[in-house]
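Got your viewer ready? Load the model, and let's walk through it one selection at a time.

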Amino acid sequence: MSVSRRRGRWLAAAAAVALMLPLGVAGAVFHHGLPWWLEDGDRNHRHESDAGALRYQVHLPPQYDGTTRLPVVMAVHGCAMSGAGAAVVLAATHPDIFASATSVAGGEYGLNQVDPDDVVPVLAATRLVEPWTAVNDLVDDGLPNDSLDLVEETTRVPAREGRHAYTRTTLTTPVGESLVESYLVHGMGHAWPGPDGHGLFTDHAGPDASALVWDFARRHPRTPRP
């Protein structure tokens with residue numbers, strides 16, 4: 001689920017995928033952590049507060065010289081639905097901070113029916129998109145009246161050798177500005193889709209979720225504060 005702010009209005013895009021999520025070891029890895037992989041540009045940190053402690057990792061491009069301001073992309077992951085909707089929660093509760101948010105195999109704000117997350121049903125994809133469409137409509141003029149006059153288009157990309165089939169649905173304004181972009185990948189398991197990824201739970205058959213997330217975020221930057 002990707003969300004962005006434009007002229008004080010919220011724009012939403014959804015990358016919603018129905019995934020099969022294994023339990024046990026995977027939950028332990030993401031909740032308690034293992035020794036982290038470190039590559040060029042990676043730094044490990046620990047945040048502590050009255051609420052507890054949280055480990056996190058910061059990555060900077062190895063060639064970064066510190067002279068140019070860069071956008072920040074925050075990745076969060078929760079297993080057993082303890083945090084699997086965190087991106088949506090942050091987008092809904094902190095619109096002044098986050099320009100966009102993407103939820104993969106997540107659900108709408110307040111979802112609590114999938115516990116544990118051994119299966120995220122396809123219905124979650126629809127329920128991920130509809131609330132943000134309604135929010136954009138409401139914020140536009142204060143009324144739930146379809147004032148944005150959205151245009152919906154669905155494209156089906158067939159499977160080919162080494163690549164998953166997927167369905168892409170977009171909701172755009174009459175002038176071509178995207179509000180919602182939803183991707184449903186057919187036949188993918190518990191993995192992050194992307195041809196160039198490596199490590200645990202990476203599906204090279206794609207589509208390239210990282211590229212899709214960045215492309216949407218790039219087209220919807222946060223409006224600078226006055």
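Which element gives the most to the lining of the second largest pocket? Select helix H3, which supplies four residues. Before going on, note that this is a predicted model, where local features need pLDDT of at least 70, side-chain atom pairs count only at pLDDT 80 or more, and totals for chains, interfaces and linings use all residues. Residues are numbered from 1 along each chain as its sequence is written, and side-chain values use heavy atoms, with hydrogens and water left out.

Now add strand S6 (166-172) and strand S7 (178-185): along with H3 (123-141), they are the elements giving two or more residues to this lining. (Helices are DSSP runs of H or I, at least four residues, and strands are runs of E, at least two, numbered from the N terminus.) Among the lining residues to click are Thr-126, Glu-130, Glu-152 and Ser-182. By class, the lining has five nonpolar, four polar and two charged residues.

Next, jump to helix H2, residues 86-93. Ala-87, Val-88 and Ala-91 are buried there (under 20% relative accessible area, 1.4 Å probe, protein chains only). Why do they sit on the same side of H2? Because they cover an arc of only 95 degrees around the axis (taken from the directions from the helix axis to the C-beta atoms).

Keep those three selected and add Ala-101, Leu-128 and Trp-132: together they form the largest nonpolar core (buried nonpolar residues, Ala, Val, Leu, Ile, Met, Phe, Trp, Tyr and Cys, joined through side-chain atoms within 4.5 Å). H2 brings the largest share, three residues.

Last stop: a second, separate core of five residues, including Leu-148, Leu-171, Leu-179 and Val-180.

Terms used. On a 1 Å grid over the protein atoms alone, a cavity is a set of points where a 1.4 Å probe fits but cannot get out, and a pocket is an open set with protein on both sides within 12 Å along at least five of seven lines; lining residues have an atom within 4 Å of a point. Ala, Val, Leu, Ile, Met, Phe, Trp, Tyr, Cys and Pro count as nonpolar, Asp, Glu, Lys and Arg as charged, and the others, Gly among them, as polar. Buried means under 20% relative accessible area, exposed over 50%, partly exposed in between (1.4 Å probe, protein chains only).
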